[in-house]
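Student: Could you take me through one part of this structure closely, following how the strands of its sheet are paired and how the helices are laid against them?

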Amino acid sequence: MRDWIGEAARTRPDHVAVEAPDGRLTYAELDERADVAARQLAALGVGEGGRVATTLPPSIVFAALLHAAPRIGAALVPLNTRLTADQQRVQAAVVGADVIVDAPLDGMEAAVEPRRELHPSAVHTVLFTSGTEGEPKPVELTVGNLDAAAAGSAAVFGSDPGDRWLSSLPLFHVAGLSILTRCARNATTAVLHDRFDVRTVLDALTAGEVSLISLVPTQLRRLRDQGLAEAPALRALLLGGGPIPPDLVDWAREAGLLVRCTYGMTETASQVAVTDPWESAATPLEDAEIEIAADGEILVRGPMVAPGAVAADGWLHTGDVGAVDRHGRLHVEGRIKELIVTGGEKVAPAAVEAVLAAHPAVADAGVAGTPDPDWGEAVTAYVVERSPVSDYDLLSFCRERLAGYQVPKRVVRVSSLPRNAGGKLLRNSLG
């Protein structure tokens, strides 16, 4: 398989490959930069099977490094930039990193010929999971995994030659990094922000500077609250990382935003199913197979699934619970380990959170089970207020929209909710 930027440099050499806070590169320039970085890595002793850890921020330097490592048979390992230096060194040691790149490479170049053909089974990138249920785990994503995931995404959203995909998500998470790989495969432009700044993103959307964007629901809510009224060039807005509250769905429709909710994980190289938020189910991407186990767990297989994540039965066991309807569409109910068992009934926290977040006085909400002598577990709501609201009003709002056993038995007010760098709620840290 010819590597993506090498092919793009041949077919679209002058097209902008990446824009970032430190500059922009065309595909011809990115191709050249990747070759130089590959030879510099080789001079540092990195070779076949090597691991190149990095703490670089979103940048053209990061983009060049991402494509450089596979050209010498190595893989890039983006480390969580929110961790301490000691924690980052621990992650690097877990994957056996040969080097940690924390600044632009500057030094000797080895006399090696960077590869232009990459084998589909070669490890391209190693990403750590978000760690929502414990310590993050390294996942080895192959060239074939990333290529299949990008192809599946393009089949759903299309790929216009003029596409500009904005990412303000961390590149050490699959949702952010996959924007770079999708754009490289399709020879389109990745626009990288170093962080989510609501004013900067709002200006880019309003000015018609981007055609695709990936966000989490809390970021979309902040854009709404800042006055987003139009995005003239936007073809699609991808939402992941949690349920989208009904009020946000209604506003997006009125604003004319084509919102698509995505379901996926690190082990599937990002999204594996996509849904219209005004529907209740997701459609699997091309070549992705989804089944439901006897206990309700969602199982996935396909060319986008990391080989190391496949169980002995040939499936990725996601740890999520859901159902597939007669049309083959997936209904995701939440994490198996996060289901609350109260009075013998099972409650999915995400369903309750979506209702709470729809209340006009609620800025953010999280739900978890807490020990209860009568119920086993009590559905407990952790609420960030937008304006003062009584427990009575909140619970009455819930009773009108939820089954009795789903209504929270306790309401706890907090100043903020624990979320990871990708915006995903850390329910096991509530309380």
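Tutor: In this predicted model, Trp 165 stands opposite Leu 212 in β10, and the pairing of β8 with β10 runs in the parallel sense over three bridges. Trp 165 also stands opposite Ala 190 in β9, where four bridges join β8 to β9, again with the strands running parallel. The strands β8 and β9 are further connected through helix α6, since β8, α6 and β9 make a right-handed β-α-β unit.

Helix α6, which covers residues 174-186, reaches over a good deal besides these two strands: it lies across β1, β8 (164-167), β9 (189-192), β10 (212-215), β11 (236-239), β12 (259-265) and β13 (270-275), and its direction is at about 160° to β8.

These strands belong to an open sheet of nine, whose order is β2-β1-β9-β8-β10-β11-β12-β13-β14 and whose pairing is mixed. At its edges stand β2 (23-26) and β14 (283-284), each with a single partner strand, so one side of each is left without a neighbour in the sheet.

At the β2 edge, the partner is β1 (residues 16-20), and these two strands pair in the antiparallel sense over four bridges, with Val 16 standing opposite Thr 26 in β2. A further helix, α2, lies across both β1 and β2, and runs at about 95° to β2.

Helix α2 (residues 27-43) has a helical neighbour as well, for it packs with helix α3 (residues 60-68) at an angle of about 65°, the two axes being 8 Å apart. Because of that angle, α2 is roughly perpendicular to α3, and the crossing in which α2 passes α3 is right-handed. On the α2 side the contact is made by Leu 30, Arg 33, Ala 34, Ala 37, Ala 38 and Leu 41, while α3 contributes Ile 60, Ala 63, Ala 64, Leu 65, His 67 and Ala 68. Sorted by character, the residues in this contact of α2 with α3 comprise ten nonpolar, one polar and one charged.

Put together, the part you asked about can be read from Trp 165 outwards: this residue of β8 faces Ala 190 in β9 and Leu 212 in β10, helix α6 lies across β8 and six further strands that include β1, and at β1 and β2 the helix lying across the strands is α2, which in turn packs with α3.

Notes:
Residues numbered from 1 in each chain as written. Predicted model: local features only at pLDDT ≥ 70, side-chain atom pairs only at ≥ 80, totals over all residues. Heavy atoms only, no water. Axes fitted to C-alpha atoms, helices over the stretch in contact; angles between N-to-C directions. Parallel < 35°, antiparallel > 145°, perpendicular 65-115°, else oblique. Left-handed = near helix turned anticlockwise from the far one by under 90°. Contact = heavy atoms within 4.5 Å. Nonpolar A, V, L, I, M, F, W, Y, C, P; charged D, E, K, R; others polar. Pairing = 2+ DSSP bridges. Right-handed = clockwise from strand over helix to strand, strands pointing away.
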